[in-house]
Amino acid sequence: MTEQKRKKIFGRLQRTPKWKKEEFSELEYEPKPVKELLTEMKDISELIIDLAYSAVLFNNEEMAEEVRYLDVQMDKLNYDIRMMAMMAARTKEDAEELAGILQVAEAAETISNAAGDIVNLLSKDKSVPILPKILKQADEELFRIKVSSASEACDNKIGKLRVESETGMRIIAIRREDCWIYNPQSDTPIKAEDWLIVRGTNEGYDELKKFLQGQLRALE
Amino acid sequence: MKKKGVEEIVLEIKDKSELMVDLAYSSLLYDNKIIAKEVYDLEDFIDNLYRNLQRQTLEKVENKKLSVTDALTVLRLAEAGEQIADAAQEIADVELRDVELHPILKLSIRESDVVFTRVKVNTNSILANKTLGDLRLASETGMVVIAMRHGKKWLYGPTKNTRIDAGDILFAKGPEDGEKHLINLAEGKTQEI
């Protein structure tokens with residue numbers, strides 16, 4: 001898939017997609033490099049686990065919807081990669097090697113199904129849910145931080161701020177007004193009033209929080 | 001050994017299953033059968049944890065310490081973790097087969113958002129003789145060490161108290177710009193973290 005197509009799924013501002021509409025949409029053979037398909041499947045398989053646990057931890061139905069959407073995308077990618085692999089096999093050796101690729105793709109798909117199962121655990125009733133209580137004790141935690149207009153982060157790109165390499169905190173999603181950006185890319189800007197969903201250690205969280213609240217001028 | 005509680009086991013399944021996915025992808029990237037075998041061992045370990053969890057959860061329900069709804073929720077979350085572990089095992093399985101890996105596998109893992117890296121710690125590196133906790137490596141460089149090789153010994157999912165020695169080989173994952181920093185630190189080219 002081209003860089004442009006990748007962007008369609010990641011790093012763009014969007015409303016929660018209607019995954020149901022896409023669930024059984026028609027599949028057509030369209031040549032796409034197996035490598036791009038597999039890279040995308042791997043990326044989704046890693047993001048979707050974090051998103052699913054975040055959805056449960058923050059009891060957030062919108063994030064759960066995104067997980068379901070990505071799960072549907074994953075189904076499609078898995079279909080595409082199977083078609084491409086069949087077209088690519090010419091010899092016995094090809095078939096042996098391509099079988100390995102399909103097995104990895106299938107595993108990525110299994111992971112996204114598991115993530116789908118996790119978000120189905122979101123509590124529907126008002127009682128105190130048990131899962132957030134448990135997940136809060138994890139070593140590497142998921143956190144939410146709001147960006148203050150006083151922060152130096154405002155209107156700067158994530159790549160330029162080097163958020164992850166300076167704090168170890170990986171931004172999983174950004175909530176901007178009533179829209180979401182999932183798996184923001186290095187060219188995604190941070191804006192005042194954004195809510196960031198991040199993953200990392202307690203120390204990294206403290207530093208990033210101070211920076212995003214304007215108490216710290218720069219990350220280092 | 002202290003008996004682990006329900007919450008502890010659920011978290012352990014979550015952490016270990018995520019570690020397994022990382023290890024499985026890096027076993028393909030480095031064509032490393034030792035790491036792939038570890039994924040297999042971890043899968044057994046998770047199976048045991050899961051069985052243990054099922055028993056404890058049911059006991060708690062019997063003693064009226066946990067509601068049926070909560071018990072089901074906990075077990076289903078753990079089941080998802082177990083499935084993720086199974087998927088990781090499937091990935092590692094590709095490495096363990098006696099078939100040449102398709103070059104695309106390595107390329108796809110290399111080009112993804114999160115990169116894996118492997119680096120040897122030099123004697124003049126500031127990482128040597130310190131623990132991961134002292135170094136605050138993850139929060140300073142963004143790179144999380146998922147496995148280490150110490151002489152002939154391997155260590156998977158190191159903790160804060162794990163000490164790095166000169167000559168150790170670190171397997172880490174993180175952002176692209178963190179990779180360079182870690183390599184320079186390990187090679188002793190950068191003396192400041």
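Which residue in E6(B) does B:Val115 stand opposite? To find out, keep in mind that the model on screen is predicted, and begin with chain B.

Select strand E6 of chain B, residues 169-174, and colour it apart from its surroundings. Five of its six residues are buried, so this strand is largely enclosed by the rest of the structure.

Next, add strand E1 of chain B, residues 115-120, which pairs with E6(B) in the antiparallel sense over six bridges. Within this pairing, show B:Val115 and look across to E6(B), where the residue standing opposite is B:Gly174.

Now bring in strand E3 of chain B, residues 144-150, which also pairs with E6(B) in the antiparallel sense, here over five bridges. Show B:Val144, and opposite this residue in E6(B) you will find B:Lys173.

Then move to chain A and select helix H3, residues 34-57, together with helix H5, residues 92-119; these two helices pack at an angle of about 20°, and their axes are 9 Å apart. Because angles under 35 degrees count as roughly parallel, H3(A) is described as roughly parallel to H5(A). The crossing of the two helices, H3(A) and H5(A), is left-handed.

Finally, display the side chains where these helices meet: the H3(A) residues include A:Leu38, A:Met41, A:Lys42, A:Ser45, A:Ile48 and A:Tyr53, while those of H5(A) include A:Ile101, A:Val104, A:Ala108, A:Ser112 and A:Ile118. If you colour the residues of this contact between H3(A) and H5(A) by character, 18 are nonpolar, two are polar and one is charged.

Notes:
Residues are numbered from 1 along each chain as its sequence is written. Chains are lettered from A and ligands numbered from 1 in the order in which they are written. This is a predicted model: local features need pLDDT of at least 70, side-chain atom pairs count only at pLDDT 80 or more; totals for chains, interfaces and linings use all residues. A residue is buried if 20 or more other C-beta atoms lie within 10 Å of its own, exposed if 12 or fewer, and partly exposed in between; C-beta atoms are placed from the backbone. Helices (H or I, at least four residues) and strands (E, at least two) are DSSP runs, numbered from the N terminus. Two strands pair if DSSP finds at least two bridges between them. Axes are lines fitted to C-alpha atoms, for helices over the stretch in contact, and angles run from 0 to 180 degrees between N-to-C directions. Angles under 35 degrees count as roughly parallel, over 145 as roughly antiparallel, 65 to 115 as roughly perpendicular and the rest as oblique. A crossing is left-handed if the near helix is turned anticlockwise from the far one by less than a right angle, and right-handed if clockwise. Two residues are in contact if their C-beta atoms, placed from the backbone, lie within 7 Å. Ala, Val, Leu, Ile, Met, Phe, Trp, Tyr, Cys and Pro count as nonpolar, Asp, Glu, Lys and Arg as charged, and the others, Gly among them, as polar.
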